[in-house]
Amino acid sequence: MRALRHAAIVWAAIAALGGCASYPTGLTTAAISHLPAQVELTQVPFFAQQQYQCGPAALATVLQSADVDVSPQDLAEDVYLPGRKGSLQMELLAATRVRDRVPYLLPERLPAVLEQVAAGRPVLVMQNLGLKIAPAWHFAVLIGYDLTARTLILRSGTTQRLVVDMDRFVKTWARAQWWGLVVVEPDQLPENPDLERYMTAAASLEAVGRLDAAAQAYIRARAQWPHSAWPAVGLANVSYRKGDLRSAEDGYVAALELDADNIIARNNLAEILAGRGCIAEARMHAARAAALAAGTPLESAVAATARGVDTATSPHHGAACSRL
Amino acid sequence: MAGLFRKTVVYALIASLLGLGSPMAAQAEILGTLAGLESARRGADLERIGGVLAREQVREQMHALGVKEGQIEARLAGLTDAELRTLAERIDNMPAGAGLFELVGVVFVVLLILEAVGVIDIFKKFP
């Protein structure tokens, strides 16, 4: 009886510490009906991690699979943080961007990960192998699965082919917020891509100045989602940043034809029009952008554009101004 | 004379900080695609510190965390403004993937718990 009570206390203590909630794998019949029962990407390279350096090893694995010639030693200089004895997720994204690859973060569920593996893409995952209060953060690469045996195959740490139980993996993965990353070449798309996730990843290339890779990704996105204004906005922004204002202006106009309420396209078109002396048109677009941006995080930036346009002079009647 | 010189320098500095008379105003800055997507996704998110300040803070933090001087700029180059702000605030306690080497500590904690609730009796063996 006493032993039983002890066992119950221990169980409660561990459950409280680990948050021992059981996480469903989400593998409903509908979610996996389109997947092959077994996949293993045997050609994915393996790099045994050096001490604490699972980040560089896992990242080298997925980058090489996306045709980037890079070693874990090279990547240690980019993503290993000595003072933290580990690597941060954001630095893995950054190192992917500077190599002109699209860091696509997957939806937080197992079927979304398996679907990438089935399409031939290894998935970099974060796990917490320890407990919530005593975490042991780890990066590994998922390279295969077996739906019947309910197992997953990982390149992990110093183990080239680690076979783990699905439910057990999901527990460690859930403790790392179901973080999963695929590294995609900019002229390709991940399997079953999500517009917002893909555009965010592509736009992050633009944001750090990888303009050619960003443009490739935007072109690919435009082919996939012809009705979305965002790829056009992205391409116009790349043109602008490269100094091709003519293409940029055409691009913003095209984007506004797809979505008249796109704040970025309105704002940036106002900027260009003001720059070439079309003040009345610029004011119209800036005012519209300011109205759309009210209450959003863009409000102050758009208001600044509107002020700049309002104070702009040098009316210039030669050029054709009216575009929309 | 020296006072006048100092005053001039101070005013010039203030003017340059305020962006007055900056020759770089030739091309206005556009709004990035990422800013638009992030704005559409999240609700109002007040940026507590600006991008430039965040970059400077992360530079110092990386230095303090042992990144070699020559590697810091290359590492900052791939980070977005939003990421820099997050790092500036949380670089010391964000999850850092390390691998199984940390597990020794976890085993120790579990043993301690088991000891505390009386299931095991390892530690009392050592006086």
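A crossing of two helices is called left-handed if the near helix is turned anticlockwise from the far one by less than a right angle, and right-handed if clockwise. In this predicted model, the crossing of α5(A) and α5(B) is left-handed.

**The helix pair**

The two helices belong to separate chains: α5 of chain A covers residues 89-97, and α5 of chain B covers residues 81-90. Their axes come within 11 Å and cross at roughly 150°. On the chain A side, the residues that meet the partner helix are A:Met90, A:Leu93 and A:Arg97. On the chain B side they are B:Glu83, B:Thr86 and B:Leu87. Sorted by class, this contact has 3 nonpolar, 1 polar and 2 charged residues.

**The interface as a whole**

The size of an interface is often given as the accessible area lost when the parts come together. Between chain B and chain A, the buried area is about 4900 Å². Carbon and sulfur atoms give 67% of that area. The contact takes 68 residues from chain A and 50 residues from chain B. Within chain B, B:Ile30, B:Leu31 and B:Arg75 supply 14% of the area that this chain buries against chain A, more than any other three residues.

**Cavities**

The count comes to 2 cavities of 30 Å³ or more. The table sets out their volumes and the classes of their lining residues.

| Cavity | Volume | Nonpolar lining | Polar lining | Charged lining |
|---|---|---|---|---|
| Largest | about 70 Å³ | 8 residues | 4 residues | 1 residue |
| Second largest | about 40 Å³ | 4 residues | no residues | 3 residues |

The largest cavity is lined by 13 residues. Of these, A:Phe47, A:Ala57, A:Ala58, A:Arg155 and A:Gly157 lie nearest its centre. Three elements of chain A each supply at least two residues of this lining: α3 (54-65), β5 (137-146) and β6 (151-156). The largest share, 4 residues, comes from α3(A).

Which residues line the second largest cavity? From chain A they are A:Asp78, A:Glu91, A:Ala94, A:Ala95 and A:Val98, and from chain B they are B:Ala74 and B:Arg75. Helix α5 of chain A and helix α4 (69-76) of chain B each supply at least two residues of this lining. The largest share, 3 residues, comes from α5(A).

Two names in this account return in more than one place. Helix α5(A) crosses α5(B) and also contributes to the lining of the second largest cavity. B:Arg75 lines that cavity and is one of the three residues of chain B that together supply 14% of its area buried against chain A.

Conventions: Residues numbered from 1 in each chain as written. Chains lettered and ligands numbered in written order. Predicted model: local features only at pLDDT ≥ 70, side-chain atom pairs only at ≥ 80, totals over all residues. Heavy atoms only, no water. Axes fitted to C-alpha atoms, helices over the stretch in contact; angles between N-to-C directions. Contact = heavy atoms within 4.5 Å. Nonpolar A, V, L, I, M, F, W, Y, C, P; charged D, E, K, R; others polar. 1 Å grid on protein atoms, 1.4 Å probe; cavity = no way out; pocket = protein on both sides within 12 Å on 5 of 7 lines; lining within 4 Å. Points joined across faces, edges and corners; volume = space filled by probe spheres on them. Buried area = accessible area lost by both parts, 1.4 Å probe.
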